[in-house]
Amino acid sequence: MSNLHASYLKEMGITEWVTREPGPSVSPSPAIKPTEDNVISQTAESSVRAHWWFFGAKPQGEAQFLFQNIIRVLGLSSQEWSWKLLSDDLSKFTMPEDGAPVVALAFGSPAVQKATGERDPLPQLRETILALNTGNDDEIPVLASQDLAQVVGNPKEKALLWQDLLLAKSVLQNT
């Protein structure tokens with residue numbers, strides 16, 4: 001893991017795991033010189049791999065800083081994520097034309113209720129893959145998580161948020 005990723009995890013209150021098992025040491029790979037092949041592969045990697053939709057009230061202050069760190073840790077480009085407001089019309093959300101998979105993360109009870117139509121308490125909905133309530137045939141997975149403003153300054157809540165992000169990432173990998 002790079003020092004940059006480690007520093008973001010530390011800011012989020014997440015401890016970096018290190019293996020304690022003895023094993024062969026990994027030597028750093030030699031630096032890759034930019035070649036035409038590398039430029040082509042970097043261009044292909046810059047295309048959209050997946051879309052992340054975040055639902056809820058726009059984060060402010062420290063919550064916004066936390067959200068920016070989440071985007072950095074996930075390694076998302078500006079084309080790979082978007083913020084959806086509670087006032088947005090869900091029936092207008094459809095799967096992207098580029099065919100990339102979509103996962104939605106709803107922050108806070110009001111966002112979860114609006115996005116999914118579920119009325120159960122947020123703790124019961126966490127770690128469950130729900131569906132976006134668009135009224136059309138698109139099945140867009142939604143994961144429930146705490147409001148970012150509640151997570152700021154609470155390491156236990158940050159750990160739960162991190163679990164939600166990992167679950168969302170695994171949902172994308174399995175679609």
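The following dialogue goes through a predicted model and asks what supports each description of it.

Student: What makes up the protein, in helices and strands?

Tutor: The protein has seven helices and five strands. Along the sequence they follow the pattern α-α-β-α-β-β-α-α-β-β-α-α. Of the 175 residues, 36% count as buried.

Student: What makes the sheet "open" and "mixed", and which strands are its edges?

Tutor: The five strands are arranged as an open sheet in the order β2-β1-β3-β5-β4, with mixed pairing. β2 and β4 are called edge strands because each pairs on one side only.

Student: How do you know that β1 pairs with β2?

Tutor: A pair of strands needs at least two bridges. β1 (residues 51-55) and β2 (residues 81-84) have four bridges, in the parallel sense, so they meet that requirement. One of the bridges can be named: F54 has W83 as its partner in β2.

Student: What is the count for β1 and β3, and for β3 and β5?

Tutor: β1 and β3 pair in the parallel sense over five bridges. W52 has V103 as its bridge partner in β3. Four bridges join β3 to β5 (residues 141-145), and these two strands run parallel. L105 stands opposite L143 in β5. With at least two bridges required, both therefore count as pairs.

Student: Why is β1 described as largely enclosed?

Tutor: Five of the five residues of β1 are buried, so the strand is largely enclosed by the rest of the structure. Both faces are covered: H51, W53 and F55 lie on one side, W52 and F54 on the other, and all are buried. In a regular strand, side chains alternate between the two faces of the sheet.

Student: What links β1 to β2, and what is the hand of that unit?

Tutor: Helix α3 (residues 62-74) stands with β1 and β2 in a β-α-β unit, and the unit is right-handed.

Student: How do you know that α3 has the span expected of a helix?

Tutor: α3 has 13 residues, and at 1.5 Å a residue it should span 18 Å; its end C-alpha atoms are 18 Å apart, so the two values agree. After α3 comes G75, with a positive phi near 70°.

Student: What does the check give for α7?

Tutor: For the 19 residues of α7 the expected span is 27 Å, and the end C-alpha atoms are 27 Å apart, so α7 agrees as well.

Student: Which residues of these two helices are buried?

Tutor: In α3 they are A63, L66, F67, N69, I70, I71, V73 and L74. In α7 they are E157, K158, L161, W162, D164, L165, A168, V171 and L172.

Student: What makes a group of residues a nonpolar core, and where is the largest one?

Tutor: Such a core consists of buried residues of certain nonpolar types, joined through side-chain atoms within 4.5 Å. The largest has 26 residues, and those with the most contacts inside it are W52, F54, F107, L148, L161 and L165. The elements giving it two or more residues are β1, α3, β3 (102-107), α6 (148-151) and α7 (155-173). α3 gives the largest share, seven residues. A second, separate core has 17 residues, including A104, A106, L130 and L132.

Student: Which residues does L161 touch?

Tutor: Leaving aside residues up to four places away in sequence, L161 touches L66, I70, F107, S145, L148 and V151.

Student: Why is R126 called buried?

Tutor: Its relative accessibility is 11%, and the cut-off for buried is under 20%, so R126 qualifies. R126 lies in the loop between α5 (122-125) and β4 (130-131).

Student: What makes R126 and D164 a polar contact?

Tutor: Their side chains are joined at 2.7 Å, and the limit is 3.5 Å, so the pair falls within it. Apart from residues up to four places away in sequence, R126 touches A144, L160, Q163 and D164.

Student: Is D120 buried, partly exposed or exposed, and how do you know?

Tutor: D120 has a relative accessible area of 39%. Buried needs under 20% and exposed needs over 50%, so D120 is partly exposed. D120 lies in the loop between α4 (109-116) and α5. From S109 it is 11 residues away in sequence and 9.0 Å away in space, C-alpha to C-alpha.

How values were computed:
Residues numbered from 1 in each chain as written. Predicted model: local features only at pLDDT ≥ 70, side-chain atom pairs only at ≥ 80, totals over all residues. Heavy atoms only, no water. Buried < 20%, exposed > 50% of the residue type's maximum accessible area, 1.4 Å probe, protein only. Polar contact = N/O pair within 3.5 Å; in protein donor to acceptor, adjacent residues only side chain to side chain. Contact = heavy atoms within 4.5 Å. Right-handed = clockwise from strand over helix to strand, strands pointing away. Expected span 1.5 Å × (residues − 1).
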